[in-house]
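Biologist: I'd like to learn how to read a model with two chains, feature by feature. Could you walk me through one?

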Amino acid sequence: MGTQHETRSGATRAPGLTVSPLAGRRGVRAAGEVGLSTHGTWRRALEQAVREGPDSEGEDVYHLELSAVTFVDVAGAGVLVAAAERLPDGRRLVLHRPPPALRRVLEMFWPDVPAIEVSMS
Amino acid sequence: MSAVAEPPSGHRAPAAPRQDAGPFDHPALFYGDEREYLDGTVPFVREALAAGEPVAVAVPGERLTLIRDALGADADGVRLLDMREAGRNPGRIIPGVLRAFADAHPAGRRVRIIGEPIWAGRTGTEYPACAQHEALINAAFRGRTVTILCPYDARRLDERVLADARATHPTVIPSGSRRAQGSAAYDPDGVVARYNEPLPPVPDAPVFPFDAGSLPQARHLAADAGAALGLTGVRLEDLALVTAELTTNSVVHGAGSGVLRVWSEDGFVVCEVRDGGRLTDPLAGRRPASRDQRGGRGLLLVNLVSDLVRMHTGRDGTTVRCWFAL
């Protein structure tokens with residue numbers, strides 16, 4: 001039998017998911033990981049995006065700043081797509097610097113969702 | 001299901017449905033040499049083209065070249081795929097090759113595919129997954145108006161492989177023949193069960209037990225191990241995704257916990273997840289996801305990105321082992 005593996009230092013924390021409003025534009029910044037224990041937080045953040053109407057200047061874009069999100073699993077990507085597809089016509093989600101896993105899963109299963117735009121800035 | 005002998009017919013893969021078998025047709029073509037290969041495949045493609053039926057050819061690259069050259073300009077109307085790439089993982093072939101092509105065309109019109117998933121270079125590690133794949137095609141396409149012709153290199157493949165082909169295909173076209181015959185040995189469920197082989201734990205591989213509270217750690221551990229063993233870039237991302245999906249499945253469907261192992265062998269990084277659940281759906285991970293379907297893509301992703309997936313499931317639990325080429 002093999003030996004019990006020591007968890008590395010980074011694994012002693014419990015990676016959660018935090019969501020906070022963006023300053024200066026409509027949307028949220030998420031930080032952490034999207035997985036089984038954080039799907040609820042992720043879903044609520046996206047439901048907020050669906051609920052919010054256009055802002056006072058008629059802006060039809062909702063920004064998701066994801067540069068501090070390190071991982072999104074397949075179910076998490078599915079939640080994102082479901083939210084985007086519930087947006088009224090003409091509105092869209094802009095994902096800023098999504099993690100590679102999310103880009104990979106979107107390309108594989110949902111390559112052409114008009115309401116999702118990926119921005120690397 | 002008892003296989004019914006084909007009525008005499010002028011061509012190898014008759015479009016007429018067999019009695020009791022429905023519209024799906026899945027003949028094995030045994031060929032002894034290049035000439036028999038082309039005699040068995042090229043007319044199949046030309047008949048499809050003449051009938052206006054969509055046709056795809058997914059065979060190993062060197063034989064793809066043979067068929068393409070024989071078709072000449074007609075090859076332009078055929079979807080050509082190198083099965084060594086597209087079908088490297090046998091578990092990827094139904095969702096990623098066969099149904100991907102068949103589903104892209106309207107139901108009702110016959111779709112024809114030549115699929116050669118088993119060639120002489122397949123390893124002993126790959127073969128059980130190959131045989132199960134051939135068997136599961138029958139369940140995956142039951143009732144569909146599709147013909148899938150599977151060539152077998154009768155000269156270079158083991159007799160055991162040819163015997164399995166008689167069990168995974170309702171009809172067989174013997175070497176040198178032009179006519180499909182019902183296969184008395186047809187028993188796809190028996191093949192799926194027979195190749196549900198135990199995957200005994202590899203000695204000396206690090207062991208990481210996980211539960212709902214340690215899913216992120218399990219993924220980090222797999223990614224760290226994969227990187228240390230030499231995986232990079234998108235392949236390392238794929239290992240992390242696969243680990244996340246398998247370990248999450250164990251927590252949600254497999255008794256709440258499991259054991260992860262990652263090691264390297266023969267130029268591959270191998271990731272294994274073992275849990276106490278039982279996989280009851282043999283087609284799990286082999287159905288393409290419909291666009292509107294919310295969940296159920298985890299095992300499909302595992303099949304699409306891994307170079308090989310082997311599974312064992314039974315009363316004592318389920319083991320899924322995935323290979324990533326270095």
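Modeller: We'll go from the chains to a helix pair, then to one residue, then to the contact between the chains. Keep in mind that this is a predicted model.

Biologist: Let's start with chain B. How many helices and strands does chain B have?

Modeller: Chain B has 10 helices and 12 strands. Its C-alpha trace spans about 60 × 40 × 40 Å along the principal axes.

Biologist: And what does the radius of gyration of chain B tell me?

Modeller: You set it against what a compact globule of that length would give. For 326 residues that would be near 20 Å, and chain B has 20 Å, so the two agree. Burial adds to the picture: 49% of the 326 residues of chain B count as buried. As for contacts with a separation of 6 or more, 69% of those in chain B join residues 24 or more positions apart.

Biologist: Same treatment for chain A, please. Which pattern does chain A follow along the sequence?

Modeller: Chain A reads β-β-α-β-α-β-α-β, with 3 helices and 5 strands. Of its 121 residues, 36% are buried. Residues 24 or more positions apart make up 72% of the chain A contacts with a separation of 6 or more.

Biologist: Now helix packing. How do I describe two packed helices?

Modeller: You give the angle between their axes and the distance between the axes. Try helix α1 (residues 34–50) and helix α2 (residues 61–71) of chain B: their axes are 10 Å apart and the angle is about 60°. That angle makes α1(B) oblique to α2(B), because only 65 to 115 degrees would count as roughly perpendicular. The crossing of α1(B) past α2(B) is right-handed.

Biologist: Which residues of α1(B) and α2(B) meet?

Modeller: From α1(B) you have B:E34, B:Y37, B:L38, B:T41, B:V42 and B:V45, and they meet B:R63, B:L66, B:I67, B:A70 and B:L71 of α2(B). By class, that contact has 8 nonpolar residues, 1 polar and 2 charged.

Biologist: Let me pick B:L71 from that list. Is B:L71 buried or exposed?

Modeller: B:L71, in helix α2 of chain B, is buried, because 20 other C-beta atoms lie within 10 Å and the cut-off for buried is 20 or more. Leaving out residues up to four places away in sequence, B:L71 touches B:V42, B:V45 and B:V78. Look at B:V45: B:L71 is 26 residues from B:V45 in sequence, yet their C-alpha atoms are 8.4 Å apart in space.

Biologist: On to the place where the chains touch. How many residues does each chain bring to the contact?

Modeller: Chain B brings 29 residues and chain A brings 25. On the chain B side, β8 (207–211), α8 (215–229), α9 (233–253) and α10 (298–305) each supply at least two residues. The most come from α9(B), with 8 residues. Sorted by class, the chain B side has 16 nonpolar, 5 polar and 8 charged residues.

Biologist: At what angle do α3(A) and α9(B) cross?

Modeller: Helix α3 (residues 100–109) of chain A and α9(B) cross at roughly 85°, and their axes come within 10 Å. So α3(A) is roughly perpendicular to α9(B). The contact joins A:P100, A:A101 and A:R104 of α3(A) with B:V234, B:E237, B:A240 and B:L241 of α9(B). Its residues split into 5 nonpolar, no polar and 2 charged.

Definitions and conventions:
Residues are numbered from 1 along each chain as its sequence is written. Chains are lettered from A and ligands numbered from 1 in the order in which they are written. This is a predicted model: local features need pLDDT of at least 70, side-chain atom pairs count only at pLDDT 80 or more; totals for chains, interfaces and linings use all residues. Helices (H or I, at least four residues) and strands (E, at least two) are DSSP runs, numbered from the N terminus. The radius of gyration is taken over C-alpha atoms; the globule rule is 2.2 Å times the number of residues to the power 0.38. A residue is buried if 20 or more other C-beta atoms lie within 10 Å of its own, exposed if 12 or fewer, and partly exposed in between; C-beta atoms are placed from the backbone. Two residues are in contact if their C-beta atoms, placed from the backbone, lie within 7 Å. Axes are lines fitted to C-alpha atoms, for helices over the stretch in contact, and angles run from 0 to 180 degrees between N-to-C directions. Angles under 35 degrees count as roughly parallel, over 145 as roughly antiparallel, 65 to 115 as roughly perpendicular and the rest as oblique. A crossing is left-handed if the near helix is turned anticlockwise from the far one by less than a right angle, and right-handed if clockwise. Ala, Val, Leu, Ile, Met, Phe, Trp, Tyr, Cys and Pro count as nonpolar, Asp, Glu, Lys and Arg as charged, and the others, Gly among them, as polar.
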